[in-house]
Structures are given as C-alpha cells and as structure tokens.
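Please open the model in the viewer and keep the selection panel at hand. The stops below proceed from one selection to the next.

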There are 2 protein chains.
Amino acid sequence: MAVDLFLERGFEETTVEDICARAEISRSTFFRYFPSKEDTLFERTADTGRAWLDALVARPAGEQPWAALRGSLDPRIEQLAAGGENVKRLMRLIVATPALAARHREKNAYWQELLRPEVARRLGAEPGDTADPRADAMIAAALGCLDAALKAWASSDRAAELPVLLDRAMSVVD
Amino acid sequence: MAVDLFLERGFEETTVEDICARAEISRSTFFRYFPSKEDTLFERTADTGRAWLDALVARPAGEQPWAALRGSLDPRIEQLAAGGENVKRLMRLIVATPALAARHREKNAYWQELLRPEVARRLGAEPGDTADPRADAMIAAALGCLDAALKAWASSDRAAELPVLLDRAMSVVD
DNA sequence: TCTAAAGTGGGACTCAGTTCCATATATGGA
DNA sequence: TCCATATATGGAACTGAGTCCCACTTTAGA
C-alpha cells in the first residue's frame with residue numbers, strides 16, 4: 001500500500017495525505033493505525049524480534065554465544081531471502097532514505113534490548129549489571145554483521161546468497 | 001548553550017524558539033548555523049571522524065585489522081574520558097532521548113562510510129566491491145563495541161575506566 | 001567614504017504529529 | 001426488532017520543525 005507510493009515517488013516526496021488518499025482513509029484514521037509515516041514499513045518489528053529471541057533461546061546450552069547468535073539468525077535470513085527481489089527493493093529504499101535508515105537502526109536498538117538478557121546469561125554475566133558492556137557489544141556486532149550482509153545482498157546484482165554473506169561478515173570478527 | 005537547556009528541561013521539551021531566546025538570535029539565524037535541533041549537539045562529527053580515520057591510517061601496516069581499529073580508538077576514548085562527568089551526562093541524555101539516539105547512530109553510520117575504504121584495504125578486499133560485507137561488518141562491530149562501552153561507562157556510577165570497558169567489549173567478539 | 005558581500009531577521013509556508021470532539025457503524029442483550 | 005454501548009472513523013484546530021524568500025544591517029575592502 002504505502003510501500004508502493006514510496007517506491008514510485010520516494011519516501012520524502014510522499015505525504016501522509018497521499019497515502020490516505022490512496023488508501024481512502026482520513027489522516028485521523030492513519031495516525032490511529034501508525035504512529036508515524038515510517039512505521040508503515042516497520043510493522044512486524046516486535047514479532048520478528050520475539051521470534052529471533054525464541055530462536056536464540058532454543059540454541060543448545062553449551063554452544064558458544066557468538067555461534068548461538070549466528071545460528072539464531074538462520075530463520076530470519078531465510079525469511080528475508082524468501083522475499084526475493086521485493087525485499088531487496090525495500091532494503092535499497094531504506095538504505096537510500098535517511099529517515100527510513102534511522103528507523104531501521106532504531107529497530108535494531110530495540111532488538112538489542114530484547115536479546116540482552118539471554119546473551120548476558122550465555123556470557124555468564126551478572127544479571128542487571130549495567131557496567132558489563134559485553135552482551136550489548138556482542139549483539140550490536142551481530143546486528144552490524146547482519147546489516148552489512150543485507151546491504152551487500154541488496155545492493156549488488158551478482159551477490160552471493162544471504163547465508164554465505166552473513167558467514168563472511170560474521171567470520172571477520174571472530 | 002543549547003545543551004544546558006536540554007539538560008534542564010529535556011530535549012523534546014525545549015523548542016528551537018527557546019534556544020533562540022536564550023542565545024538572543026532569530027530562528028532564521030539558528031537554522032543558518034544548525035541544520036536541525038539535534039545538530040546543536042553533534043557539531044564535530046566530521047572532524048572527529050576524520051581524526052579517527054587518520055589514527056587508523058597511522059596504525060602499523062602489518063597489524064591485524066581488528067587490532068588496528070582498537071588501537072585507532074585510543075585517542076577518541078581518551079578525549080571522551082577527559083570530558084569526565086559532562087560527557088557522561090551528555091551520553092545519558094542521548095541514550096534517554098530517542099531523537100538524539102537516532103542522531104548518534106546516524107553519526108556512526110557516517111563514520112562507517114568514512115572508514116570503509118581503509119578497513120577494506122587492510123582486509124585485502126577488492127576496492128569498490130559492494131558485494132563484500134566484511135569492512136562494513138567489522139566497522140559496525142567496532143562501533144557497537146564502542147557504544148556498549150560508552151553506555152556502560154556513562155550509566156554506571158562505579159564503572160571501570162573507558163579503555164578497560166572497551167577492551168572487554170571488543171574482546172567478546174574476537 | 002563608498003560599495004559589495006556576508007550576516008541577520010521577519011514572515012509565510014509545508015508537513016508531521018497531537019488532541020479533542022462529533023458522528024457513524026457494529027455488536028450484543030432484552 | 002430495538003436499544004444501548006463500544007469501537008471505528010472523520011473533522012478541525014493546534015504545535016513545532018524545517019524551508020524559502022526577501023528586506024535590512026553590519027562588516028570589510030578599495
């Protein structure tokens with residue numbers, strides 16, 4: 001819906017009123033459904049985050065934390081890869097649009113908070129120890145690798161498959 | 001100047017007009033000097049990025065890329081640590097304010113672009129190969145570690161010193 | 001002292017997002 | 001079937017950030 005407009009004319013060039021016109025709803029109704037224009041593209045953030053956390057919790061207890069994170073990302077990148085060219089187009093739009101890139105990073109920050117307790121546990125950190133940067137660091141690193149892999153995947157015609165790119169990205173730092 | 005107002009009443013609660021009133025300038029003049037309200041706090045982004053890049057370029061040629069990045073961050077964390085309590089307060093404001101946190105991450109994204117060529121070179125990547133995610137991944141990981149260390153440093157009264165925290169953060173992933 | 005350029009301010013404008021209130025449309029019970 | 005009560009929708013006015021354009025003033029250089 002709104003995505004089509006964004007891809008046609010660009011995100012900044014599309015006003016909320018344009019979206020409302022196409023969807024045949026009022027501005028009031030729009031802002032009842034979406035907290036902001038950006039959020040039309042980031043609806044499933046919470047669900048996806050929870051699914052990722054579930055996947056991480058399900059990893060073997062003895063597995064190294066970094067390997068567990070890598071493993072927990074398999075469902076996510078499969079889901080993205082299944083989206084094919086549509087997901088790539090969306091990715092490129094996000095990368096090219098400052099406001100959307102910002103919202104994307106905010107999503108990552110949210111996921112970081114969500115995963116922190118489980119990663120901290122796997123690292124053997126004191127629960128609630130705000131002075132221990134390790135869990136945050138490891139999740140942020142993993143997210144950085146994921147984003148780097150996604151960007152390479154989306155912005156290159158002849159890029160490798162997503163799992164290969166993610167392995168390449170994550171191996172550089174381990 | 002504007003920082004004081006933000007620390008007093010909060011960022012969202014301070015309007016550009018408030019800042020103009022205190023600085024005794026007009027809105028026009030304000031927006032001639034700062035592209036946005038957020039940017040009153042992120043003036044030296046380009047300079048700091050360039051200094052970081054210089055520090056990285058100055059690292060020994062044979063050094064491992066990850067170690068070179070760690071070493072190149074020494075001047076930066078020294079500078080931040082020298083700021084002491086003022087920097088911590090600012091850090092906490094940024095972390096607690098979504099719009100400022102977003103601007104902070106945007107700064108990181110800018111630095112990532114700035115460092116990419118040099119890191120790619122040190123990784124032996126093909127110049128301009130957008131399908132190689134390694135440089136982006138490594139820089140994003142380093143920035144994630146830096147932010148985790150900064151957050152731990154700023155938000156805990158009895159936190160260790162910044163270099164120790166950064167080492168702890170970066171070692172978790174290497 | 002004159003002149004050009006740079007700095008400053010005023011004011012109108014667009015658009016996102018908020019708030020409050022009025023109206024319509026379901027839904028469930030008597 | 002009818003009524004009462006949510007719940008969804010729309011309208012309208014408002015705030016605040018950011019843009020644009022034009023007028024005025026200050027500064028600097030010849």
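A residue is taken as near a molecule or strand if one of its heavy atoms lies within 4 Å of it. The model is predicted, so local features need pLDDT of at least 70 and side-chain atom pairs count only at pLDDT 80 or more, while totals for chains, interfaces and linings use all residues. Residues are numbered from 1 along each chain as its sequence is written, chains are lettered from A and ligands numbered from 1 in the order in which they are written, and side-chain values use heavy atoms, with hydrogens and water left out.

**First stop: DNA strand C**

Select DNA strand C together with its surroundings, which comprise 15 residues. The closest are Lys37(A), Ser28(B), Thr29(B), Arg32(B) and Tyr33(B). By class, this surface holds 5 nonpolar, 6 polar and 4 charged residues; here Ala, Val, Leu, Ile, Met, Phe, Trp, Tyr, Cys and Pro count as nonpolar, Asp, Glu, Lys and Arg as charged, and the others, Gly among them, as polar.

Next, display the polar contacts to the strand (pairs of N or O atoms within 3.5 Å; within protein, one must be able to donate a hydrogen and the other to accept it, and residues adjacent in sequence count only if both atoms are side-chain atoms). The side chain of Thr29(B) places an N or O atom 2.5 Å from a phosphate oxygen of DNA strand C. A backbone N or O atom of Lys37(A) is 2.9 Å from a phosphate oxygen of this strand. Which part of DNA strand C lies 2.9 Å from a polar side-chain atom of Arg27(A)? The partner is a base nitrogen.

Now colour by helix (DSSP runs of H or I, at least four residues; strands are runs of E, at least two; both numbered from the N terminus). H3(B) provides the largest share of the surface near DNA strand C, with 4 residues.

**Second stop: DNA strand D**

Move the selection to DNA strand D, which has 15 residues around it. Ser26(A), Ser28(A), Thr29(A), Arg32(A) and Tyr33(A) come nearest. Centre on Thr29(A): one of its polar side-chain atoms is 2.6 Å from a phosphate oxygen of DNA strand D. From chain B, Arg27(B) has a polar side-chain atom 2.9 Å from a base nitrogen of DNA strand D. Helix H3 (27–33) of chain A and helix H3 (27–33) of chain B each give two or more residues to the surface near DNA strand D, and H3(A) gives the most, with 4 residues.

**Last stop: the cysteines**

Finally, select Cys20(A), which counts as buried because its relative accessibility is 3% (buried means under 20% relative accessible area, exposed over 50%, partly exposed in between, with a 1.4 Å probe and protein chains only). Cys20(B) is likewise buried, at 4%.
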